[in-house]
Amino acid sequence: MCKALQMTNSKNATTLNGTLLWVDDEIELLKAYVIFLQKKDYEVVTATNGQDALDLCRERTFDLIFLDENMPGISGLDTLSQIKEINPTIPVVMVTKSEEENIMDQAIGSKIADYLIKPVNPNQIFLTLKKHLHKREIETDVANTGYQQNFSKIGMQINDSCSIEEWKEVYKKLVYWELELADTGSEMTDLLKSQKAEANNEFAKFVRKNYIDWVNSPDDRPMMSPDVFKKVIFPLMQNGEKVFLVVFDNFRFDQWREISKQLADDFVFDEQLYLSILPTATQYARNAIFSGLMPSQIAQMYPDLWVDEDEEEGKNLNEEPLIQTLLDRYRKRNTFSYFKLNNSSESEKLVDRFKNLMNNDLNVLVINFIDMLSHARTESRMVRELASDEKAYRSITASWFRNSPVSELFKELAKTDAKIIITTDHGSIRVNNPLKVIGDKNTNTNLRYKLGKNLSYNPKQVYELKNPKIAYLPSPNISTAYVFAQNEDFFAYPNNYNYYVSYYKNTFQHGGISMEEMLIPIVTMQSKRRK
């Protein structure tokens, strides 16, 4: 039988704030602390030695353990180690008279949740409990209150935004609160989703009003896909910087925010947003980045490097020669490399040859995992379950990055003086609302934009471009038109309509108009070790 002295709250039948185990060979001297905690509605179980504490841990579950470091018999550190074997997840707070560095290093190495230096006071104890037992509830309350206080302000910003910079700020705030509320499981999530839908509706109106002016005013517009090299890459190269351009295909701002947590220890960031061109798809937006041209300009100037929608050839096979044409037009004699990473093996090979990359002025890396995840989520029920919503989608992205050889590449970059540009060609949005569209057999298959002859659709529901030339889009036929879905809409054909809708509803798609697709990250980074 366990000989531990047990003191429990008389209100056992009531709801408790938690069940605690306090282990100390001088537990009788701590009765005042125990009574203090009992009055705060904690059940407190006590033990005078490590062995009794271990027996108690085998018999029942505790929410948190206070553990004296200096006890006769089994030491506090040994008890800690054995507690972790019994229950690895239980938070243990080490209580010690000693501040010796080696003792604290051992304790922290054994994964203590926190430590207190004797003599402790009741407020320290209570704050420790708040930190480790009630953090989630406190964060939820703070997040709920914070978003409620900002809800009206964000609503006014949505209604008043009349410049792209103002829209960037709206989107940043919405993403901030999306991440804050997602981490707490807040009931405010549905309200935020509704406000984000409202923002996307107004953003689509803003884009429709300004898009043609933007694409026709290259010297007086917000930065768009064809401007990335001219406005970001070339100025760095001109200053003699070694530049790594890392393009994550189909990469949203919220996903960047998740990945940035893993890079923050090694890099400093200059985080910006820029505008993807329409369609927000690789064939158009990424080729525009690498060529510095709009799609129709690529088709006219370099017809061998442009692939039309109806051709079976891969639409992004000519990216390296497009980069060369851009360097040649700007009379840049810089050396560069280009790599497309589709799997771990290719990433590992690149890490192995990393030193050779430093011989180039510019290294361009295209990383396709996130786009592959998006497509796999559409096609695989299992992947759809794993990435069931935006939060899970971000989580898988962060987990992949943490465990991928790509993270090793960034560790190597952190050892250099290079400037690293992280960006993307477009983002994606989770679609839920089908729109009927009719086209002939040559109409493209993308769910967020369509181009073709004699398209039939409701013009009030889409952004239509009957004259693609004014938007610098290729026109395979004289009667070709483009239509773009907005907000959470996606295009569905009347044939087999119900099956088509059920298959694609709640999938992540790109090609159309939304903040998630068009307002995309471009981040300049450098190592914190850089002198």
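**Entry 1: the whole chain**

I began with burial: 53% of the 531 residues of the protein count as buried. A reminder to myself that this is a predicted model. I then looked up the secondary structure and found 21 helices and 18 strands. Along the principal axes, the C-alpha atoms fill a box of roughly 90 × 55 × 40 Å.

Next I asked how contacts are spread along the sequence. Taking contacts between residues at least 6 apart, I got 74% that join residues at least 24 apart.

I looked up the surface too. The accessible area is about 24,700 Å², and carbon and sulfur atoms hold 47% of that. For charges, I have 64 positive and 74 negative ones, and their mean positions sit 4 Å apart.

**Entry 2: the largest pocket**

What is the volume of the largest pocket? I noted about 680 Å³. Its lining has 29 residues, and the ones closest to the centre are His375, Thr445, Asn446, Tyr449 and His510. I wanted to know which elements give two or more residues to this lining, and they are helix 11 (282–291), helix 16 (369–379) and strand 17 (507–509). Helix 16 gives the most, with 5 residues.

**Entry 3: Ser347**

I picked out Ser347, which lies in helix 14, residues 344–352. Is Ser347 buried or exposed? Its relative accessibility is 6%, and the cut-off for buried is under 20%, so Ser347 counts as buried. Leaving aside residues up to four places away in sequence, I found that Ser347 touches Leu341, Pro405 and Val406.

**Entry 4: helix 9**

Helix 9 covers residues 228–238. I listed its buried residues: Val228, Phe229, Val232, Ile233, Phe234, Leu236 and Met237. I kept a general rule at hand while reading that list: an α-helix has 3.6 residues a turn, so residues three or four places apart point the same way. Val228 and Val232 are both on the buried list, and so are Phe229 and Ile233. After helix 9 comes Gly240, and I noted a positive phi for Gly240, near 85°.

**Entry 5: two cis peptide bonds**

I went through the peptide bonds before proline. The bond from Lys118 to Pro119 is cis, with omega near -5°. Where is Pro119? I found Pro119 in the loop between strand 5 (114–117) and helix 5 (122–133).

The bond from Leu278 to Pro279 is also cis, with omega near -10°. Pro279 sits in the loop between strand 7 (267–275) and helix 11. Helix 11 is one I had already met, as it is among the elements lining the largest pocket.

**Entry 6: positive phi without glycine**

I noted Asp41, which is not a glycine yet has a positive phi of about 70°. Asp41 belongs to the loop between helix 1 (31–39) and strand 2 (42–47). How exposed is Asp41? With a relative accessible area of 23%, Asp41 is partly exposed, because that class runs between the 20% and 50% cut-offs.

I also noted Asn496, again not a glycine, with a positive phi of about 55°. Asn496 is in the loop between strand 16 (489–492) and helix 20 (497–504). Its relative accessibility is 55%, and exposed means over 50%, so Asn496 counts as exposed.

Methods: Residues numbered from 1 in each chain as written. Predicted model: local features only at pLDDT ≥ 70, side-chain atom pairs only at ≥ 80, totals over all residues. Heavy atoms only, no water. Helix = DSSP H or I, 4+ residues; strand = E, 2+ residues; numbered from the N terminus. Buried < 20%, exposed > 50% of the residue type's maximum accessible area, 1.4 Å probe, protein only. Contact = heavy atoms within 4.5 Å. Areas by Shrake-Rupley, 256 points an atom, 1.4 Å probe, with all protein chains shown as cover. Lys, Arg positive; Asp, Glu negative; His and termini not counted. Charge placed at Lys NZ, Arg CZ, Asp CG, Glu CD. 1 Å grid on protein atoms, 1.4 Å probe; cavity = no way out; pocket = protein on both sides within 12 Å on 5 of 7 lines; lining within 4 Å. Points joined across faces, edges and corners; volume = space filled by probe spheres on them.
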